[in-house]
Amino acid sequence: MSTQTRTKSRELRDARAATERRRKKRGRAIVAGGGVIIGCLLVAIVISLINAAGSGNSRTAAASQGEGATPAIATAGGALAVGDAAAPVKLEVYLDYMCPFCGRFERANSGELDRLVADGTVRLELYPLSFLDRMSNGTDYSTRAANAVATVADHAPGKLLAFNTALFAHQPAEGGDGLSDDEIAELARDAGVPQDVVNLFAGRVFQPWVEASTAAVFQTGIQGTPTVKINGEVFTGDLYTTGPLTAAVTAAEGE
Amino acid sequence: MAVLLARLHGLRHSNAWLFGTMLVSACLSLAASFVLSADALRLAADPGTSLSCDINAVISCGTVATSWQAQLFGFPNAFLGLVAEPVVITIAVASLGGVRFPRWFMFAAQAVYTLGVIFAYWLFSQSMLVIGALCPWCLLVTVSTTLVFTTLTHVNIRDGNLFLPPRAQAAAARFVEADLDAIAVTIWLLVLILAVVTKYGSALFG
């Protein structure tokens, strides 16, 4: 082998080794960068978890304080009661204004419920809950709607069922922004609620009551909405067509 | 330490590890698809029924399962998992047993599974951003689909099954050989966790 070719092959070897070294160096830099990203992500996850745990606790605390007003027709259990107190059938409805199946229940049964309340068969206890607040892009639609309903129950109880029906008739899509405060106010006015009562919605006077009753209801073992109880027994029949619930109420009345 | 690292490196590129991971992930995915399919049938029979995982408003398979996205092709999406995952399980078991599939076969598996991953992440984003509810079984599908996809890709890059141009193949092989894919997958999964925790953290503690 001539000196010339030997030099050439060494140069080649050196060049290759240099490329290899550069590549390794770059590889180490990438690994280090990746490690930093992983570390940051882990920190972010932990921070996010701590924040979430903190806000969860503070919410429960606020709800259990239970300051603020209670609607005049509220029961101790956290319901809004309408109809004859001596009616033979007590019907409890647990609902959230954001819950699509509550809307279906309401659309199927509201006519019948209005009639049963009006003729004194049923004492209706509505539990407007706010647990679906997280489904309205941070606008807390469930709380705003429930607060408005509680305000109407307090100041204009005669319009409660009409307003309740209107809210479900114009129910917003779950996961959207919900209805705006103005839209809620307009529905209330259309349902016959006086303007001075509508003006009270914005104060959110009953928000603590809604929070407290939501917490209390879930303590009692309610799993979700809509849940309907007839004289304390959970109604397990079809909630989404007109008829079965009326039949069950009639049967309970006969007992 | 160096020996241990070298051994770990060797294990990570071995058939046993890769197809083992693929097998376990595919089995998890199949189990989740089975639960979701069963739930879909129960829900079709009785729309008001509450499902095994309806823990609260946010952690709710029912909310997700009743959305139109849950039946994109006119039947519950989970049926696709029931069809596809057994094929992955078969490939993993056969490969663990020493079978070597032809390049075109592995390439086809990669192509189809890539569509599956895209679909899984479309569903994940819909459930996060549009439906706004979290479904634990769906999340299990997302994670295990990711793991099957990454191990399948790892195998196919290692074995040169992807019909890439020589330079791209060499670059991909170097990437995997340097274990950078492990870092990429870790980051990928952590981003997923962060997204879920950030959006739903308060619900997990609610």
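Two residues are taken to be in contact if their C-beta atoms, placed from the backbone, lie within 7 Å. With that in hand, the arrangement of helices and strands in this predicted model can be followed. Helix α7 of chain A is a good place to start: α7(A) lies across β2 and β3 of chain A, and runs at about 105 degrees to β3(A).

The sheet beneath this description is open and has 5 strands, in the order β1-β3-β2-β4-β5 (chain A), with mixed pairing. Its edges are formed by β1 (80–82) and β5 (233–234) of chain A, each of which pairs on one side only. Strands β2 (residues 89–96) and β3 (residues 122–129) of chain A run in the parallel sense and are joined over 8 bridges. Within this pair, Leu95(A) is found opposite Pro128(A) of β3(A). Helix α2 (residues 100–118) of chain A also packs on the sheet, where it touches β1, β2 and β3 of chain A. The direction of α2(A) makes about 150 degrees with that of β3(A).

Returning to α7(A), a helix partner comes into view. Helix α3 (residues 141–155) and helix α7 (residues 207–219), both of chain A, pack with their axes 9 Å apart and at an angle of about 110 degrees. Angles of 65 to 115 degrees count as roughly perpendicular, and α3(A) and α7(A) are therefore roughly perpendicular to each other. On the α3(A) side, the contact is made by Thr143(A), Ala146(A), Asn147(A) and Ala150(A), while α7(A) contributes Gln207(A), Trp209(A) and Val210(A). The residues of this contact comprise 4 nonpolar and 3 polar, with no charged residue.

Definitions and conventions:
Residues are numbered from 1 along each chain as its sequence is written. Chains are lettered from A and ligands numbered from 1 in the order in which they are written. This is a predicted model: local features need pLDDT of at least 70, side-chain atom pairs count only at pLDDT 80 or more; totals for chains, interfaces and linings use all residues. Axes are lines fitted to C-alpha atoms, for helices over the stretch in contact, and angles run from 0 to 180 degrees between N-to-C directions. Helices (H or I, at least four residues) and strands (E, at least two) are DSSP runs, numbered from the N terminus. Angles under 35 degrees count as roughly parallel, over 145 as roughly antiparallel, 65 to 115 as roughly perpendicular and the rest as oblique. Ala, Val, Leu, Ile, Met, Phe, Trp, Tyr, Cys and Pro count as nonpolar, Asp, Glu, Lys and Arg as charged, and the others, Gly among them, as polar. Two strands pair if DSSP finds at least two bridges between them.
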